[in-house]
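Me: I should like to learn how to read a protein model feature by feature. Could you take me through one?

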Amino acid sequence: MKRSLVILALLAAAGMVHAATPIYSWEWTEEGEQITASGWNGSFNYTSGNDYATFGSGSGGGTPYNSRITGIQGSFTVSFDLKNLSSTSNGWKDIFSLYTNGTVSGESNSMVLEFTNNGELYLYNKGFGGQTGGNINTGLTWTDLQQDSWTNLSIVSDLSSQTLSVYVNGALAGTITEWNPSSPALTGSQFGASFGNTRPMNGTMDINNIKFYDGVVLPVPEAATASLGLLGLAALMMRRRRCY
């Protein structure tokens, strides 16, 4: 294969990683709120002229939750973009949670993105689908999320490989192995707290590009990282070709 075709094939493959169609999608643009699925109680707050919405205490919508998620029965991927956390405290605070088994309050049957006392952001398995234990350090702190730059988080539950993983800006942050919940279906989600407003976060946060996929959808790494990695691989392939 010609070298130019090798490079083009690799770059094309990178663009196809996140090409699946989500079951649910919520996005906001400067032209106005663009919602392709409804069902949130305590809505996100959108200000005309922004390309994002806001959630959390004082945002006008409180901590939005959706207890009517259907159609996601097995492996799944949930992703969203966050920035501009306005304030924090030294207590445990939740910014996102996912539920199964029809849970409508508290943290049982859930997995939760939660700040620790020292401000580190972890994903904790709180008994999702009947499987207890396990946590992942995202590598982020509340200082990182106070910046005016988008951070993408993806949570991937892969039943075929029995793994639960978190990706930050397309890079793997950590994995829980032997992941095999007996009730893997998603039935609800909340931003800014766990259901029942357990451990609500302080302040507000900007959000966009919320997507729920019925299956494993690996995120695309940040453009600079992906390009360098693909070009490096292409260079290695061309070097090996010259050696034969």
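The dialogue below goes from the overall make-up of the chain to single residues.

Me: What kind of model is this, and how many helices and strands does the chain have?

Reply: One begins with the origin of the coordinates and then the inventory of elements. This is a predicted model. Its secondary structure comes to three helices and 15 strands.

Me: What share of the residues is buried, and what part of the accessible surface belongs to carbon and sulfur atoms?

Reply: Burial is read per residue, the surface for the chain as a whole. Of the 244 residues, 48% count as buried. The accessible surface is about 11,300 Å², and carbon and sulfur atoms hold 51% of that area.

Me: What percentage of the contacts links residues 24 or more positions apart?

Reply: Here one looks at the sequence separation of the contacting residues. Among contacts in the chain with a separation of 6 or more, 66% are between residues at least 24 positions apart.

Me: Which strands form the open sheet, and in what order?

Reply: A sheet is read strand by strand, from one edge to the other. Six strands make up this open sheet, in the order S5-S14-S7-S8-S9-S10, with antiparallel pairing. Strand S5 (65-66) and strand S10 (132-141) each have a single partner strand, so one side of each lacks a neighbour in the sheet. Within this order, strand S8 (residues 110-115) is joined to strand S9 (residues 120-126) by five bridges in the antiparallel sense. Phe115 has Leu121 of S9 opposite it.

Me: Which strands pair with S1, and over how many bridges?

Reply: One lists the partners and then checks the register through individual bridges. Strand S1 (residues 24-29) runs antiparallel to strand S15 (residues 204-213), with three bridges between them; here Trp26 has Ile210 as its bridge partner. S1 also pairs with strand S2 (residues 32-35), again in the antiparallel sense, over four bridges. Trp28 is matched with Glu33 of S2, and two residues lie between S1 and S2 in the hairpin that they form.

Me: How many cavities of 30 Å³ or more are there, and which residues line the largest?

Reply: For a cavity, one takes the volume and then the lining. The structure holds one cavity of 30 Å³ or more, and the volume of the largest is about 50 Å³. Its lining consists of Leu85, Ser87, Thr88, Ser89, Lys93, Phe115, Trp142, Met201 and Asn202. By class, this lining has four nonpolar, four polar and one charged residues. Phe115 thus appears twice in our reading, in the lining and opposite Leu121.

Me: Which residues have a positive phi although they are not glycine, and where are they found?

Reply: Most residues other than glycine have a negative phi, so a positive value deserves a note. Gln162 has a phi of about 50 degrees and is found in the loop between strand S11 (151-158) and strand S12 (163-168). Asn209, with a positive phi of about 55 degrees, is found in strand S15.

Me: Why do Gln162 and Asn209 count as partly exposed?

Reply: The class follows from relative accessibility, and partly exposed lies between the limits of 20% and 50%. Gln162 falls in this class because its relative accessible area is 34%. Asn209 does so because its value is 26%.

Me: Where is Thr143 found, and how far is it from Glu120?

Reply: Position in sequence and distance in space are read separately. Thr143 is found in helix H2 (residues 142-145). Thr143 and Glu120 are 23 residues apart in sequence, and their C-alpha atoms are 9.1 Å apart. With a relative accessibility of 42%, Thr143 counts as partly exposed.

Note on methods. Residues numbered from 1 in each chain as written. Predicted model: local features only at pLDDT ≥ 70, side-chain atom pairs only at ≥ 80, totals over all residues. Heavy atoms only, no water. Pairing = 2+ DSSP bridges. Buried < 20%, exposed > 50% of the residue type's maximum accessible area, 1.4 Å probe, protein only. Contact = heavy atoms within 4.5 Å. Areas by Shrake-Rupley, 256 points an atom, 1.4 Å probe, with all protein chains shown as cover. 1 Å grid on protein atoms, 1.4 Å probe; cavity = no way out; pocket = protein on both sides within 12 Å on 5 of 7 lines; lining within 4 Å. Points joined across faces, edges and corners; volume = space filled by probe spheres on them. Nonpolar A, V, L, I, M, F, W, Y, C, P; charged D, E, K, R; others polar.
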